Amino acid sequence: MVKKKRAALNDIVVQCEGRGKICTLRARPFLIRCCKSVLCMSVAGYLLLASLALFLGIARSVTFFSECKNTRLMSEIREMRDFVSSQEEYITRLFSDDDCRRSMYGAVAVSDEVRQVGVGGPATDDDIESVFATRHEIELRRLAERVDKLLRQYDFHDYSLTDFSGYLKDKKYRMDHVPSIAPINGWLLSGFGVRTHPIFHEARMHEGVDIANFEGTPIRASAAGVAKTGRSETYGNYVFLDHGNEFTTIYAHMRATGVIDGRYVKRGEIIGYVGSTGLSTGPHLHYEVRKYRHPIDPETYILPNDFIVD
Ligand SMILES: [Zn+2]
């Protein structure tokens, strides 16, 4: 049997009876406060540990999902990195092809430095933002920089192709206006230089070449230019072509001209027919090439037939 009674203010007396003995336990207020404090601290500790366990559980769950997300993100980054690498190899091949084309046609080469199409400003991982950036953010930033560079390089390649195309058109225009084919096929009667004149029988400078063929054989322009026709005692019926550059050509002794004054003719176009007008002993073409108004050997401006492609 247990009996409790309050012996005094703030005192608790407990009397225990058993086997004829009585035990008395007296709890002082100080001990009671200590017990209460210990109890409160125990409850608080338990609650704290429970909260910590809950937090760790949630954190583990978040970490697990975060790791899954990171794995997927890294996989996507790897795929993007492989794609960017393949595009960098492709643009390198395009630049190599461009170098070959430019070298083949004598165009100005583009240096590797220019093709890097760099832009200003530092791009390092040591700046303040990078210190707090995650590995994924740094990877993505590097990829973005490589993609930006690729886009600039593709733009530059387009510009380079346009520039090369313009260069080719300009070169073709210039080549079209340089004497480069024989006006007629035939027999070379007389070359360029001093010779005994066939009529005056004295040494005279021959400022062109004489090519014989049947009367009426078509004569073709050796290069594109603007035609001017005329007739003189020495040249007979002739066509003068102004090629719009340093070159002019003359086609003389024609039976008849085949073009009107001021007309623009293309290389290979018929401009007259073989005859024997003027100072001539038989049907042939007297052909002159002049550079800056000075006569030069036309044979140096007659290229093989399969060399010219119009
Ligand atoms: Zn001649």
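Trainee: What share of the contacts between residues at least 6 apart in sequence join residues at least 24 apart?

Mentor: That share is 60% in this protein, and two residues count as being in contact when their C-beta atoms lie within 7 Å. Keep in mind that this is a predicted model.

Trainee: How confident is the predictor, then, in terms of average pLDDT?

Mentor: The average pLDDT is 84, and 79% of the residues score at least 70. Residues 1-9 are a stretch to treat with care: pLDDT stays under 50 there, and the model has 10 contacts beyond four places in sequence for them.

Trainee: How many helices and strands should I look for?

Mentor: Look for four helices and 15 strands. Of the 310 residues in the protein, 16% are buried.

Trainee: What makes histidine 253 count as buried?

Mentor: The cut-off for "buried" is 20 or more other C-beta atoms within 10 Å. Histidine 253 has 26 of them, so it is buried. You will find histidine 253 in strand β11.

Trainee: What is the phi of histidine 253?

Mentor: Phi is near 65° there, a positive value in a residue other than glycine. Tyrosine 292 is another such case, with a positive phi of about 50° although it is not a glycine.

Trainee: Why is tyrosine 292 called exposed?

Mentor: A residue with 12 or fewer C-beta neighbours is exposed. Tyrosine 292 has 9 inside 10 Å, so "exposed" is the right word. Its place is in the loop between β14 and β15 (294-296).

Trainee: And glycine 262: buried or exposed?

Mentor: Exposed, because glycine 262 has 9 other C-beta atoms within 10 Å and the limit is 12 or fewer. Glycine 262 sits in the loop between β11 and β12 (264-265). Its C-alpha atom is 9.8 Å from that of aspartate 242, which is 20 residues apart from it along the chain.

Trainee: Why is arginine 255 called partly exposed?

Mentor: That label covers counts between the two cut-offs, 12 and 20. Arginine 255 has 18 C-beta neighbours inside 10 Å, so it counts as partly exposed. Arginine 255 lies in strand β11.

Trainee: Which residues does arginine 255 touch, leaving out those up to four places away in sequence?

Mentor: The residues are Glu215, Gly216, Tyr273, Val274, Gly275 and Thr277. You can also find histidine 284, 29 residues apart from arginine 255 along the chain, with 9.6 Å between their C-alpha atoms.

Trainee: What makes arginine 146 partly exposed?

Mentor: Apply the reasoning again: arginine 146 has 16 other C-beta atoms within 10 Å, so it is partly exposed, as that count falls between 12 and 20. Arginine 146 lies in helix α4 (residues 135-176). The C-alpha atom of valine 84, 62 residues apart along the chain, is 7.4 Å from that of arginine 146.

Trainee: How do you know that β13 is largely enclosed by the rest of the structure?

Mentor: Four of the five residues of β13 are buried, so the description fits.

Trainee: Why do we say that β8 and β13 pair?

Mentor: Pairing needs at least two bridges, and β8 (residues 218-220) and β13 have three, in the antiparallel sense, so they pair. In one of these bridges, isoleucine 219 is matched with glycine 272 of β13. β11 and β13 also pair in the antiparallel sense over three bridges, and methionine 254 has valine 274 in β13 as its bridge partner.

Trainee: Which residues touch the most other members of the largest nonpolar core?

Mentor: This core has 27 residues, and Ile219, Tyr238, Val239, Tyr251, Met254, Ile271 and Leu285 touch the most other members. Strands that each supply at least two residues include β7 (209-212), β10 (236-242) and β14 (284-291). The largest share, five residues, comes from β11. As for valine 239, its contacts beyond four places in sequence include Tyr251, Met254 and Ile271.

Trainee: What makes β5 and β6 a pair?

Mentor: β5 (residues 193-196) and β6 (residues 203-206) share four bridges in the antiparallel sense, so they meet the requirement of at least two. Arginine 195 has arginine 204 in β6 as its bridge partner. The two strands form a hairpin with six residues between them, and histidine 201 in the turn has a positive phi of about 55°.

Definitions and conventions
Residues numbered from 1 in each chain as written. Predicted model: local features only at pLDDT ≥ 70, side-chain atom pairs only at ≥ 80, totals over all residues. Core = buried A, V, L, I, M, F, W, Y, C linked by C-beta atoms within 7 Å. pLDDT = per-residue confidence, 0-100.
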